[in-house]
Amino acid sequence: MSFLTKIMNLLVVGILLLPVVCKDSKAQNFELQRSQMVETQIRERGIRDRHTLRAMGKVPRHLYVPQNQRRFSYTDRPLPIGYGQTISQPYIVAYMTEIIKPRPDFRVLEIGTGSGYQAAVLAEIVAHVYTIEIVEPLGETARAILEKEYNNVSVKIADGYYGWEEYAPFDAIVVTAAAEHIPPPLIEQLKDGGVMIIPVGSPFRVQQLMLVEKKGESITSRSLMPVRFVPFTSSD
Ligand code: SAH
């Protein structure tokens with residue numbers, strides 16, 4: 001083989017391998033961005049729960065973000081996922097996960113599956129996640145990816161106002177859309193000693209993230225911080 005042919009062969013192999021190499025470095029880049037996200041957006045802002053930190057470091061957020069937004073996956077903000085909805089900012093996902101004090105034996109109900117990202121973070125920690133989405137195409141897309149990645153997540157397309165009675169009561173309920181009031185069926189479906197985290201307030205205004213605790217007959221709630229979530233919609 002002449003020197004020139006050898007060079008040509010090497011070039012051809014190089015060009016053929018280019019997509020593989022690029023794809024690999026892209027994945028590594030996302031991994032680096034994810035560990036930076038955990039350090040600067042989450043740990044430095046005071047999230048300490050080891051389960052939460054591990055899950056945030058593990059779940060590939062970019063898999064839950066639409067293709068045209070993918071390069072922003074690890075930035076410090078919510079992102080559009082279509083149908084006027086958003087995937088929450090990473091810090092908010094971590095905050096809402098830590099606040100329920102998730103444990104491996106927990107069964108958690110999430111209202112507002114959206115991209116499926118919050119469900120995935122919870123599924124890394126708890127025994128089972130039940131998640132409800134009202135916008136069918138969003139629910140179906142999230143279901144496809146969650147079923148591929150996990151065997152402890154159930155997705156239902158329905159109005160989450162009524163919860164998921166069949167599997168109640170839950171150790172914790174995480175609501176990721178802002179409701180004007182706390183839906184009574186959700187309080188009912190909390191275990192004794194269970195907690196619910198829910199943004200409460202008017203649509204498109206600043207809302208309050210509330211922590212609701214159920215102890216016997218007593219329901220207590222307190223405001224944690226101002227937030228801005230997409231509205232809780234109703235099927236009626
Ligand atoms: N947890 C999501 C955040 C999605 S935004 C994530 O990690 O990506 C909130 C979602 O709540 C939206 O997808 C919206 O369609 C959904 N939603 C709003 N009202 C709802 C309702 N009544 N029942 C179920 N889902 C609802």
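Student: How do the residues of the shell around the ligand divide into nonpolar, polar and charged?
Tutor: There are 11 nonpolar, 11 polar and two charged. Here Ala, Val, Leu, Ile, Met, Phe, Trp, Tyr, Cys and Pro count as nonpolar, Asp, Glu, Lys and Arg as charged, and the others, Gly among them, as polar. By the way, this is a predicted model: local features need pLDDT of at least 70, side-chain atom pairs count only at pLDDT 80 or more, and totals for chains, interfaces and linings use all residues. Residues are numbered from 1 along each chain as its sequence is written.
Student: OK, which residues are the closest to the ligand?
Tutor: Gly-112, Gly-114, Ser-115, Gln-118 and Gly-160, out of 24 that surround the ligand. A residue is near if its C-beta atom, placed from the backbone, lies within 6 Å of the molecule.
Student: Which strand gives the most to the shell?
Tutor: E2, with three residues. Strands (E, at least two residues) and helices (H or I, at least four) are DSSP runs, numbered from the N terminus.
Student: New topic: is strand E3 mostly covered or exposed?
Tutor: Mostly covered, as four of the five residues in E3 (107–111) are buried. Buried takes 20 or more other C-beta atoms within 10 Å of a residue's own, all placed from the backbone.
Student: And how many bridges pair E3 and E4?
Tutor: Five, in the parallel sense; strands pair if DSSP finds at least two bridges between them. Ile-111, for one, has Ile-132 in E4 as a bridge partner.

Conventions. A residue is buried if 20 or more other C-beta atoms lie within 10 Å of its own, exposed if 12 or fewer, and partly exposed in between; C-beta atoms are placed from the backbone.
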